[in-house]
Amino acid sequence: MPVPLGSPGNDRDWRRFVAFSFAASDVLIEVDGIGVVTFVTGATEELVGLRADAIPGKRLLDLVSRQDRQALAEALGTVKPGHRMNPLPVGFVLAGALVHMSGFKLPQDPGHAYLTAARVMIPSARHAGVARDERTGLLCCEDFTRLVEDQIRLIQDSGQEAALTLMRLEGLDQLRQRIGDAELANLMHELGRVLQAYSLGGDSAGQLDDDKYGVVFTPGTGVAELMGRLRGLLSDVDPTGQAGLVEETVALHGPVLGHQDAAQAIRYAVNRFIDADAREFDIRSLEDGIQQRLQETVGRIGALRRIIAEDAFTLAFQPIVELQTRAVHHYEALTRFEGGASPFEMITFAEQVGIIEDFDLAVVRRVLATLRAHADRPEPLSIAVNLSARSLEGDLFVAALRALLATEPALRRRLLFEITGSYKAKDLRQTDAVIQALRTDGHLVCLDDFGAGGASFDYLQALHLDFVKLDGAYVRKMLQNRRDAQIMRGMAALCHSLKIDTIGEFVETEDQATRLCRLGVRLAQGWLFAKPGPIPQSGNAEDGAPAPAVRSVQWADDQTRWD
């Protein structure tokens with residue numbers, strides 16, 4: 001029986017070598033140039049499902065799970081003599097065990113590969129039921145981003161090194177026309193297989209968009225070799241060379257990238273890469289490179305954390321009024337930052353880097369304090385707080401929010417929530433469960449910016465709400481554009497049929513207010529009534545001003561015409 005890694009020089013060195021091998025693994029395997037096992041030792045019955053003496057002579061690929069065979073064959077075929085094969089998650093068929101398999105080829109014996117298999121204590125992405133792209137088999141965007149965040153933490157803790165490469169396939173639509181859907185499907189399958197084989201752990205590659213990919217690998221793997229393999233695949237199916245790959249690589253280690261900030265900075269960079277098109281975003285330069293962008297992002301994360309910790313923001317309040325009477329129904333709390341920083345950009349950034357939950361809780365605390373301060377008003381005061389749909393996806397956030405609200409039971413009916421549409425919820429059923437818990441607790445819930453961003457019609461299908469705020473872009477254009485007017489009519493009618501109250505925003509003229517009334521919209525918000533500011537002492541929209549005169553308007557019916 002062959003001896004792995006050559007014969008021992010002396011008995012003590014040999015025992016030491018064997019001890020080191022088993023300290024890092026559970027099974028040692030040697031395979032020849034055609035993949036047949038020539039030697040094996042270790043816990044084979046437990047992991048492989050066979051006694052050690054029954055395994056030599058069998059093909060290694062026949063022993064592993066079908067879904068892992070291609071990735072293992074690719075890894076064995078690409079490792080060079082004198083180099084190590086990256087750890088790869090592999091399942092054995094008979095025992096059902098999952099291992100991390102690594103290996104090495106000796107320069108003086110390039111025809112054989114010497115492999116180690118160690119139990120996987122934490123399931124890898126390959127076997128964890130994550131979402132995958134059907135064409136490539138790669139992780140879908142959100143699961144890939146989460147994987148990168150987790151790997152950064154492991155890399156930081158273990159002192160290892162790794163890198164992230166983002167790449168774009170240029171000319172995908174034209175390539176599809178030249179080679180056809182069937183050939184393109186084969187290309188995508190092969191591309192996914194190669195990315196997985198080169199990636200850290202064998203499954204650290206993701207399909208970020210239709211033509212965008214990401215892969216994490218150890219520096220020894222070599223991005224040049226990876227890109228060469230991928231460009232070779234393109235050349236095989238498209239000799240014209242018109243389709244191409246561009247990439248940028250950034251290290252996931254070093255003093256700049258530390259702990260939670262590093263993971264959030266990577267998430268932000270990946271999200272920006274996905275959202276930008278070819279005209280806005282040149283992946284080959286990324287201005288001064290991804291690394292500089294990450295440094296800037298870490299700085300922004302720190303600044304936003306300080307704002308949250310120190311309550312270094314203010315709130316302005318804009319009234320939402322009954323259209324027929326102009327009486328204030330409630331106020332919306334709007335965030336303002338020092339230096340005039342855009343609230344939309346700050347909040348969107350907080351969503352992208354994963355700290356929106358802390359900010360949302362800070363705003364809720366401030367609004368509860370405002371409600372307490374106005375507890376002696378002769379007329380009830382109600383305030384709506386914006387909550388990101390992303391925050392509602394976090395179990396810890398929901399628990400913290402409900403614990404905070406439980407301290408102020410008397411204020412429940414006076415605190416409303418608006419679910420913003422800047423982030424598209426991934427699991428609407430879970431989001432609705434959170435919304436119903438808030439409604440059961442006594443809070444009214446509104447969907448913000450319906451018709452724009454993530455707040456699309458599938459939200460109305462899945463979420464049970466009290467109010468829907470119709471996107472202001474339609475309100476502004478409905479008097480000049482028949483198409484926008486008809487869309488507004490349809491949205492208002494749909495909400496009415498679902499017994500959901502509607503709010504028109506960005507109302508600036510009396511003609512807009514009249515048209516909204518005709519469409520059946522009950523509430524409105526905009527500069528026609530008041531700009532955002534302090535809460536007035538009276539019930540009027542503007543402090544000290546008489547209530548606006550009530551115009552005589554007709555509520556909508558099915559016969560109302562656009563005119």
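Leaving aside its neighbours within four places in sequence, which residues is Thr 335 in contact with? The answer is Phe 313, Thr 314, Leu 315, Pro 343, Phe 359 and Val 363. Thr 335 sits in strand β12, which spans residues 328-337. Its relative accessibility is 8%, so Thr 335 counts as buried, the cut-off being under 20%.

## Overview

This is a predicted model. The protein has 17 helices and 18 strands. Of its 563 residues, 50% count as buried. Take the contacts between residues at least 6 apart in sequence: 67% of them join residues at least 24 apart.

## The barrel

Strand β12, home of Thr 335, belongs to a closed barrel of eight strands. The barrel runs β11-β12-β13-β14-β15-β16-β17-β18. Its pairing is mixed. Within it, strand β14 (residues 415-420) pairs with strand β15 (residues 445-450). The two are parallel and share three bridges. One residue pair here is Glu 418 with its bridge partner Cys 446 in β15. Helix α10, residues 343-353, packs on this sheet. It touches β12, β13 (383-388) and β14. The direction of α10 makes about 75° with that of β12.

## Two helices side by side

Helix α12 covers residues 395-406, and helix α13 covers residues 428-440. Two packed helices are described by the angle between their axes and the distance between the axes. For α12 and α13, the angle is about 5° and the axes lie 12 Å apart. The two helices are therefore roughly parallel to each other. On the α12 side, the contact is made by Asp 395, Val 398, Leu 401, Arg 402 and Leu 405. On the α13 side, Gln 430, Val 434, Ala 437 and Leu 438 make it. These contact residues divide into six nonpolar, one polar and two charged.

## Nonpolar cores

The largest nonpolar core has 75 residues. Which of them touch the most other members? They are Val 364, Val 367, Leu 401, Leu 415, Phe 417, Val 468 and Met 488. Helix α11, residues 356-373, gives the most to this core, with nine residues. Another core lies apart from it. That one has 27 residues, among them Ile 29, Val 31, Leu 88 and Ala 117.

Met 488 has contacts of its own beyond its neighbours within four places in sequence. Its partners are Leu 470, Tyr 474, Val 475, Met 478, Leu 516 and Leu 519.

## Strands β1, β4 and β5

Strands of a sheet pair through backbone hydrogen bonds, either parallel or antiparallel. Strand β5 (residues 109-119) pairs with strand β1 (residues 27-31) in the antiparallel sense, over five bridges. In this pair, Val 27 has Ala 117 of β5 as its bridge partner. Strand β4 (residues 98-106) also pairs with β5, again antiparallel, over seven bridges. Ser 102 stands opposite Thr 116 in β5. A hairpin of two residues joins β4 to β5.

## The open sheet

A further sheet is open and has five strands, in the order β6-β8-β9-β7-β10. Its pairing is mixed. Which strands stand at the edges? They are β6 (139-140) and β10 (244-251). Each has a single partner strand, so one side of each is left without a neighbour in the sheet. Further in, strand β8 (residues 205-209) and strand β9 (residues 212-217) run antiparallel, joined by four bridges. Gly 206 has Gly 214 of β9 as its bridge partner.

Two helices pack on this sheet: α6 and α7.

| Helix | Residues | Strands touched | Angle between directions |
|---|---|---|---|
| α6 | 172-198 | β7 (163-170), β8 and β9 | about 15° with β9 |
| α7 | 223-237 | β7, β9 and β10 | about 160° with β10 |

Gln 196 lies in helix α6. Is Gln 196 buried or exposed? Its relative accessible area is 9%, so Gln 196 is buried. Gln 196 and Leu 139 are 57 residues apart along the chain. Their C-alpha atoms are separated by 9.7 Å.

Terms used
Residues are numbered from 1 along each chain as its sequence is written. This is a predicted model: local features need pLDDT of at least 70, side-chain atom pairs count only at pLDDT 80 or more; totals for chains, interfaces and linings use all residues. Side-chain values use heavy atoms; hydrogens and water are left out. Buried means under 20% relative accessible area, exposed over 50%, partly exposed in between (1.4 Å probe, protein chains only). Contact means heavy atoms within 4.5 Å. A nonpolar core is a set of buried Ala, Val, Leu, Ile, Met, Phe, Trp, Tyr and Cys residues joined through side-chain atoms within 4.5 Å. Axes are lines fitted to C-alpha atoms, for helices over the stretch in contact, and angles run from 0 to 180 degrees between N-to-C directions. Angles under 35 degrees count as roughly parallel, over 145 as roughly antiparallel, 65 to 115 as roughly perpendicular and the rest as oblique. Ala, Val, Leu, Ile, Met, Phe, Trp, Tyr, Cys and Pro count as nonpolar, Asp, Glu, Lys and Arg as charged, and the others, Gly among them, as polar. Two strands pair if DSSP finds at least two bridges between them.
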